[in-house]
Amino acid sequence: MQSSDIEFYIPRSSLSQYSTGRTTTLSFHRMADQQSPASYYMRELPREHLIGYDTPEGKRLFAKALAEGGLEAFFPLSQQFLTQNEPAYCGIGTLCMILNALKVDPAVTWRKPWRWFTQEMLDCCQPLEVVKENGITLAEFSCLASCNGLEAVTRFADSTFVHSPGVDRVNVTRAFGNRSFEAFHQAVKACTFSSDQLMAVSYSRASLGQTGVGHFSPVGGYTSENGGMVLILDVARFKYPSYWVPIRMLFEALVPKDPATNQPRGYSMLRPHRTDALGSNPTGSLLRLNATKSTWPPLFKPFYTAAQSSNTYPSLLQILTHLLSEIPSPVASRSPEGPPNAPPSLHCRSAPALLASVENKLTYERHIDSFLAHLEAKSSMYAGLDGEFTRMEKTVFLLSLLGMQTFLGVLAPAVKKAVLEAVGRDLEDEWVCSEVMAVRRQMESVEKCCREERECTCAATAGGAITLR
């Protein structure tokens, strides 16, 4: 279980089998018991070290933080404060809150005519049914952030590992020491004294004396009081209120390992993507990668093998197009409403809502048709592909794949030169470039997530190089 606030009552007679001595509830064992209470209404905040945001002391800390300038993050976040939709949705609830606070346009209609992020839209790295059951890891959180228009610099508690677009994971120090803590302390201040860069923390609830295991929440503020106090805006509002926590204690709560990855937890610093690196509109795309963390490795592996073995650009392109002919839809159209694989719910809509939905879908399809015609006129790659109904998706997939550093890195020099020239010609067009860059970012994010958790079956890092296994 990566992150969840599902709770089950464990009778004291069975406690010795499961308890760590801290609590009689576990978030990762789905256990039923005849004595289980029917439901809960919140939990009392542990008062030894945590200070409720709405208590007199919490208000005093808030006033001091405001005077010091440590509440710049609070104001955009407080306008978007939400409750996670499911017990295991703390990660995507936190990310949804931050995306809207940073005013990232999802390019997906929530309710016509409004575009807005909802938690159900965040499914590019793991299927929502998996997230609903297990939550997400810190690497998956970083992947989701990058897929949805954010730059994510993610660091684990035991080192200054950096995980961000274009930056490979670098181990600067393995010690649980002052260097890591000071880096965290500085990062908290950088994100709370600014409104254009926000922080999410992934931490152990048990380390704070709370029930549950792993949890995500945004950081809303900081004050220098008592050596540093951090305001946690807890997205599990049905369980705990927001609170102030000593910064050293919060850092120590990042250290316990996530049982899903056997790695410590950590934090992610998030800001909107720079458009100059990803085209004019990186999130306003019509297409999306039709792969997740679990399906990407087997999808990518044969393309990677082809890159290693091809001696000429024509032979490479021939193999890649053959591989694509065996894949139904490596890239899919984004749904104009909600997540691409959402189940139909037309039966529960009113007539005006149904009409608006149909209208919106027709508008979206006109955009797809326009882009298809545009691609046919502007892309030499499109002309070389077969499959009338999927040529658009496969063209964008190929252009995205051929620009990945992992793929380019194993090509023969002459082949790499020809690839870059061919891709460069197609990407001179702004619209094509925007669609390709959005899908490529998703590819790189999912790949980094696989490597970050050492789960990627197609590639592993060895001395900085990517090798097949």
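Begin by selecting Y53, F62, F74 and F75, which ring pairs link into a cluster. The model in your viewer is a predicted one, and a search of the whole structure finds 12 aromatic pairs in it. Within the cluster, turn to F74 and F75, whose ring centres lie 5.4 Å apart with their planes at 85°, so that the pair is edge-to-face. The two partners are not equally covered: F74 is buried, at a relative accessible area of 9%, whereas F75 counts as partly exposed, with 37% relative accessibility.

Next, select F184 and F251, where the ring centres are 5.8 Å apart and the planes meet at 35°, so this pair is tilted. Colouring by secondary structure will help here, because F184 belongs to helix α7 (residues 178-192) and F251 to helix α8 (residues 247-254), and the pair therefore ties together parts that are 67 residues apart in sequence. Both F184 and F251 are buried.

From ring pairs, move on to rings that have a charge over them. Show F81 together with R237, and you will find the charged end of R237 over the ring of F81, 4.6 Å from its centre. Then show Y382 with R391, where the charged end of the arginine sits over the tyrosine ring at 4.1 Å from the ring centre.

The cysteines make the next stop. How many disulfides does the model count? The count comes to 1 disulfide, and to see it you should select C125 and C143, which are joined with an S to S distance of 2.0 Å. Looking along the S-S bond of C125 and C143, the torsion is about -85°, so the disulfide is left-handed. The bond links distant parts of the chain, since C125 is found in the loop between β5 (114-115) and α5 (128-134), while C143 is found in helix α6 (residues 138-147), 18 residues apart. Are C125 and C143 buried or exposed? Both of these cysteines are buried. While cysteines are displayed, add C124, which is buried with a relative accessible area of 9%, and then C450, which at 1% relative accessibility also counts as buried.

Now select T223, which lies in strand β8 (residues 214-223). With a relative accessibility of 0%, T223 counts as buried. Which side chain makes a polar contact with the side chain of T223? The partner is E68, whose side chain is in polar contact with that of T223 at 3.2 Å. To see the surroundings, display the residues that T223 touches, leaving aside those up to four places away in sequence: L61, K64, A65, E68, G228, M229 and W244.

Finish by colouring the chain by confidence. The mean pLDDT of the protein chain is 80, and 74% of its residues reach 70 or more. Select residues 8-34, where pLDDT stays under 50 and for which the model has 43 contacts beyond four places in sequence. Then select residues 276-283, over which the pLDDT is again below 50, and which have 16 contacts in the model beyond near neighbours in sequence. Where pLDDT is low, the predicted coordinates should not be read in detail.

Conventions: Residues are numbered from 1 along each chain as its sequence is written. Side-chain values use heavy atoms; hydrogens and water are left out. pLDDT is the predictor's confidence in each residue, from 0 to 100. Contact means heavy atoms within 4.5 Å. Rings of Phe, Tyr and Trp (its six-membered ring) pair if their centres lie within 6.5 Å; planes under 30 degrees apart count as stacked, over 60 as edge-to-face and the rest as tilted. Buried means under 20% relative accessible area, exposed over 50%, partly exposed in between (1.4 Å probe, protein chains only). Helices (H or I, at least four residues) and strands (E, at least two) are DSSP runs, numbered from the N terminus. A charge sits over a ring if NZ of Lys or CZ of Arg is within 6 Å of the ring centre and within 35 degrees of the ring normal. A disulfide is a pair of cysteine sulfur atoms within 2.5 Å. A polar contact is a pair of N or O atoms within 3.5 Å; within protein, one must be able to donate a hydrogen and the other to accept it, and residues adjacent in sequence count only if both atoms are side-chain atoms.
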